[in-house]
Amino acid sequence: MTPSQLSRSSPYTRKHIEIRPKEILLLSHSAPLDHKRKRHAQTQKHQRDRMKAALEVLANTLESRGVGATGTRVEIVEMAVEYILNLQKELEGLRGRDRSESL
């Protein structure tokens, strides 16, 4: 196989060819995909860690407000949504009461 055929054999990896005395070819592979995969895996792990920490803070906040926040991640998010919607209704009620008192 000629050097030009070696470099075209795989579009996903680069092959560096070094010519040594006595026409010995040494091939060294650099794998840019491996680097991309590792970086992607690290990014995803970082995102999972951030999500886990945010869910823990959310669960602790809900528990401190008297809302039982135990269960799966989905259940914690659902409880938080329900709690926020209740707070919004309560706030609208207070604003309506303030408007009627000011008239």
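**Salt bridges and a surface patch in a helical chain**

K45 counts as partly exposed, with a relative accessibility of 44%. That makes a handy way into this structure, which is a predicted model. The side chain of K45 meets that of D49 in a salt bridge, with 3.0 Å from N to O. Why are K45 and D49 separated by about one helical turn? The two residues sit 4 residues apart in helix α2, so about one turn of the helix lies between them. D49, for its part, is also partly exposed, at a relative accessible area of 39%.

The structure holds 2 salt bridges, and the pair K45 and D49 is one of them. The other pairing brings in D34 and R37, whose closest N and O atoms are 3.5 Å apart. Where do D34 and R37 lie? Both belong to helix α2, which covers residues 32-64, and they are 3 residues apart, or about one turn of the helix. As for the surroundings of this pair, D34 is partly exposed, with a relative accessible area of 38%. R37 reaches 54% and so counts as exposed, the cut-off for that label being over 50%.

Moving on to helix α3, this element spans residues 73-102 and includes V77. On the surface, V77 teams up with V81 and L85 to form a nonpolar patch. Together, the three residues offer about 230 Å² of accessible area. V77 itself is partly exposed, its relative accessible area being 38%. That value lets V77 qualify for a patch, because patch residues need over 30% relative accessible area.

Stepping back to the whole chain, how many helices and strands are there? The protein chain has 3 helices and 2 strands. Read from the N terminus, the order of these elements is α-β-β-α-α. The chain has 103 residues, and 9% of them count as buried. Its accessible surface adds up to about 9100 Å², and carbon and sulfur atoms account for 54% of that area.

The contacts round off the picture. Among contacts in the protein chain with a separation of 6 or more, 0% come from residues 24 or more positions apart. In short, the chain carries 2 salt bridges, D34 with R37 and K45 with D49, along with a nonpolar surface patch made of V77, V81 and L85.

How values were computed
Residues numbered from 1 in each chain as written. Predicted model: local features only at pLDDT ≥ 70, side-chain atom pairs only at ≥ 80, totals over all residues. Heavy atoms only, no water. Patch = residues over 30% accessible without salt bridge, like charges linked within 9 Å, V, L, I, M, F, W, Y side chains within 5 Å. Areas by Shrake-Rupley, 256 points an atom, 1.4 Å probe, with all protein chains shown as cover. Salt bridge = Lys/Arg side-chain N within 4 Å of Asp/Glu carboxyl O. Buried < 20%, exposed > 50% of the residue type's maximum accessible area, 1.4 Å probe, protein only. Contact = heavy atoms within 4.5 Å.
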